[in-house]
Amino acid sequence: MLPIDAAAHSSRWRRRHPVEKAALGFGLTLSAVCLPPWPGALLVAAATLAVLLGPAGVPGRQLWRAFRIPLGFCVTGAVPLLFAVGGSGGPVAWAPDGPVHAGELLLRTASASLGVLLFAFTTPLSDVLPRLVRAGVPAPVVDVALVMYRIVFLLLDAQSKVRQAQAARLGATTRAAVWRSMAGLGATSFVRAFDRAQRLQTGLAGRGYDGTLRVLLPEAPVSRPFLAATGGLLAGLVALTLVLERLLP
Amino acid sequence: MHIAEGYLPPVHAAAWGVASAPFVVHGVRALTREVRANPESTLLLGASGAFTFVLSALKLPSVTGSCSHPTGTGLGAILFRPPIMAVLGTITLLFQALLLAHGGLTTLGANAFSMAIVGPWAGYGTYLLFRRFGAPLMVGVFFGAFVADLSTYCVTSVQLALAFPDPGSGVAGSLAKFGGIFAVTQIPLAVSEGLLTVLVMRLLTQSSKGELLRLGVLARPQAAERREEAAA
């Protein structure tokens with residue numbers, strides 16, 4: 001399994017309704033994107049971290065391992081804003097407000113990424129996908145996504161084993177060997193994906209498959225106090241940002 | 001390169017979402033029609049989507065010495081056609097955002113536009129063009145994958161340039177800046193993805209001829225068609 005999905009399956013908030021966690025996680029993400037980065041995104045990031053490490057019970061090390069990937073993209077994405085091209089300063093020069101813009105962008109992206117991670121670390125996709133039909137997503141699309149979700153882990157597992165086998169047979173010693181191994185890996189994934197689909201088809205046909213994948217979901221009532229607390233937190237963050245924006249330089 | 005979560009200003013994020021919506025809705029309709037007509041294709045499409053997802057997990061050796069991953073949009077479009085790829089690509093991007101923290105939800109529309117819409121359509125168009133002019137399958141596959149990869153990154157550069165115009169030279173300068181950064185890595189990577197796709201397709205023509213015939217990538221031999229018609 002992928003680390004984020006494994007953490008989501010054993011999360012303290014696993015049994016909470018996905019709507020509650022979506023309201024909190026995506027609400028924080030939207031706040032990070034829409035509020036002024038200073039001090040809004042910083043406050044949102046602090047609140048999200050507090051929820052992640054506190055009530056949601058996400059281990060700090062796991063969170064850091066997942067967060068450093070988007071953080072790396074945020075840092076590399078902010079670097080181009082430091083430079084200006086073709087202006088009065090020459091072909092390439094320092095942008096006048098470059099560090100400020102880069103810092104604001106870094107705050108916004110890091111803070112927004114934490115909001116999505118809050119949802120991802122507490123909600124397995126297998127809890128979300130079947131409920132999307134009620135949200136208006138056509139059932140065939142949800143079924144395809146469900147099959148994708150089931151097969152992805154099997155293929156990633158197979159891919160890792162094939163890669164180990166290729167390495168053991170000197171498949172990564174030269175550049176040409178790496179290319180051959182990569183092509184073999186891609187083709188094997190294709191063959192295994194279709195083979196798995198055919199076997200699933202045979203198995204489901206034997207169980208009276210009529211084109212609909214029915215999945216049992218555990219009962220999870222939507223908690224009004226949780227939604228109220230989420231609303232309160234988001235409103236508090238917006239209010240505090242607007243107040244601090246006037247007071248801070 | 002996916003645009004990271006929160007990278008685009010809210011108006012841009014919403015605008016790219018709106019721009020992607022008609023293509024995704026068209027793809028959803030095509031997929032729904034296909035599944036209603038052939039219920040068993042749910043599994044085949046799910047397998048195709050999973051294949052697209054794991055393809056992006058392959059580490060591709062880059063000419064510059066670093067590693068990257070293929071976008072998979074060219075191969076996906078050649079195998080499954082662009083409308084289906086718009087849906088599968090969007091689901092893949094959603095999975096990547098939630099399972100790998102790669103890309104984002106507010107930038108899903110922008111990423112879908114470049115990777116699930118423009119990339120597949122440009123790649124498939126190039127592939128068809130080469131095939132119509134009688135080019136061999138592998139030549140069409142190479143240029144299809146090359147153009148799909150490159151067009152994806154060109155659109156990403158435009159998206160970034162529109163969001164962050166250069167203070168001195170505006171959108172044009174910003175486009176040159178982001179395009180210049182991508183060109184160093186992406187032109188070699190586009191060539192690499194083209195070559196890898198040819199190698200994968202060559203192996204598939206040997207090991208999965210049945211699937212390629214069913215997907216319409218390989219033409220059924222006329223003699224076999226005549227035999228089937230006679231049997232019918």
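**Close-up views of a predicted two-chain model**

**Figure 1. The surroundings of Ala97(B).** Setting aside residues within four places in sequence, Ala97(B) makes contact with Val116(A), His102(B), Gly103(B), Gly104(B) and Leu105(B), where contact means heavy atoms within 4.5 Å. This is a predicted model, in which local features need pLDDT of at least 70, side-chain atom pairs count only at pLDDT 80 or more, totals for chains, interfaces and linings use all residues, and side-chain values use heavy atoms, leaving out hydrogens and water. To find your way around, note that residues are numbered from 1 along each chain as its sequence is written, while chains are lettered from A and ligands numbered from 1 in the order in which they are written. Ala97(B) sits in helix 4 (residues 82-99) of chain B; helices (H or I, at least four residues) and strands (E, at least two) are DSSP runs, numbered from the N terminus. Is Ala97(B) buried or exposed? With 4% relative accessibility, Ala97(B) counts as buried. Here buried means under 20% relative accessible area, exposed over 50%, and partly exposed in between (1.4 Å probe, protein chains only). Ten residues further along the chain is Thr107(B), and the C-alpha atoms of the two are separated by 9.7 Å.

**Figure 2. Two loop residues with positive phi.** Most residues other than glycine have a negative phi, and most peptide bonds are trans. Arg81(B) has a positive phi, near 75°, and belongs to the loop between helix 3 (73-80) and helix 4 of chain B. Its relative accessible area of 28% makes Arg81(B) partly exposed. Ala101(B) also has a positive phi, near 55°, and is found in the loop between helix 4 and helix 5 of chain B. Ala101(B) is buried, at a relative accessible area of 7%.

**Figure 3. A cis peptide bond in chain A.** Which two residues are joined by a cis peptide bond? They are Trp38(A) and Pro39(A), with omega at about 5°. Pro39(A) is part of helix 3 (residues 37-53) of chain A.

**Figure 4. Thr32(B) meets two prolines.** Thr32(B) lies in helix 1 (residues 10-37) of chain B and is buried, with a relative accessible area of 10%. Not counting residues up to four places away in sequence, Thr32(B) touches Pro138(A) and Pro140(A).

**Figure 5. Aromatic rings in pairs.** How many aromatic pairs does a search of the whole structure find? The search gives 13 over all chains. Rings of Phe, Tyr and Trp (its six-membered ring) pair if their centres lie within 6.5 Å; planes under 30 degrees apart count as stacked, over 60 as edge-to-face and the rest as tilted. Trp13(A) and Phe226(A) form an edge-to-face pair, 5.2 Å centre to centre with 85° between the planes. Trp13(A) lies in the loop between helix 1 (3-9) and helix 2 (18-34) of chain A, and Phe226(A) in helix 9 (residues 224-247) of chain A, so the pair ties together parts that are 213 residues apart in sequence. Trp13(A) is buried at 9% relative accessibility, and Phe226(A) is buried too, with a relative accessible area of 12%. Turning to chain B, the rings of Phe142(B) and Phe146(B) have centres 6.1 Å apart and planes at 10°, so this pair is stacked.

**Figure 6. A phenylalanine cluster in chain B.** Phe142(B) and Phe146(B) both belong to helix 6 (residues 137-163) of chain B, four residues apart, about one turn of the helix. An α-helix has 3.6 residues a turn, so residues three or four places apart point the same way. Phe142(B) is buried at 17% relative accessibility, and Phe146(B) is buried with a relative accessible area of 18%. Ring pairs link these two with Phe130(B) and Phe143(B) into a cluster.

**Figure 7. Helix 2 of chain B, a covered helix.** Helix 2 (residues 41-55) of chain B has 14 of its 15 residues buried. At 1.5 Å a residue, its expected span is 21 Å, which agrees with the 21 Å between its end C-alpha atoms; the expected span is 1.5 Å times one less than the number of residues.

**Figure 8. Confidence along chain B.** The pLDDT is the predictor's confidence in each residue, from 0 to 100. Among the elements of chain B, helix 5 (residues 108-132) has the highest mean pLDDT (94) and strand 2 (residues 67-68) the lowest (55). Over residues 62-66 of chain B the pLDDT is below 50, and this stretch has eight contacts in the model beyond near neighbours in sequence. Where pLDDT is low, the predicted coordinates should not be read in detail.
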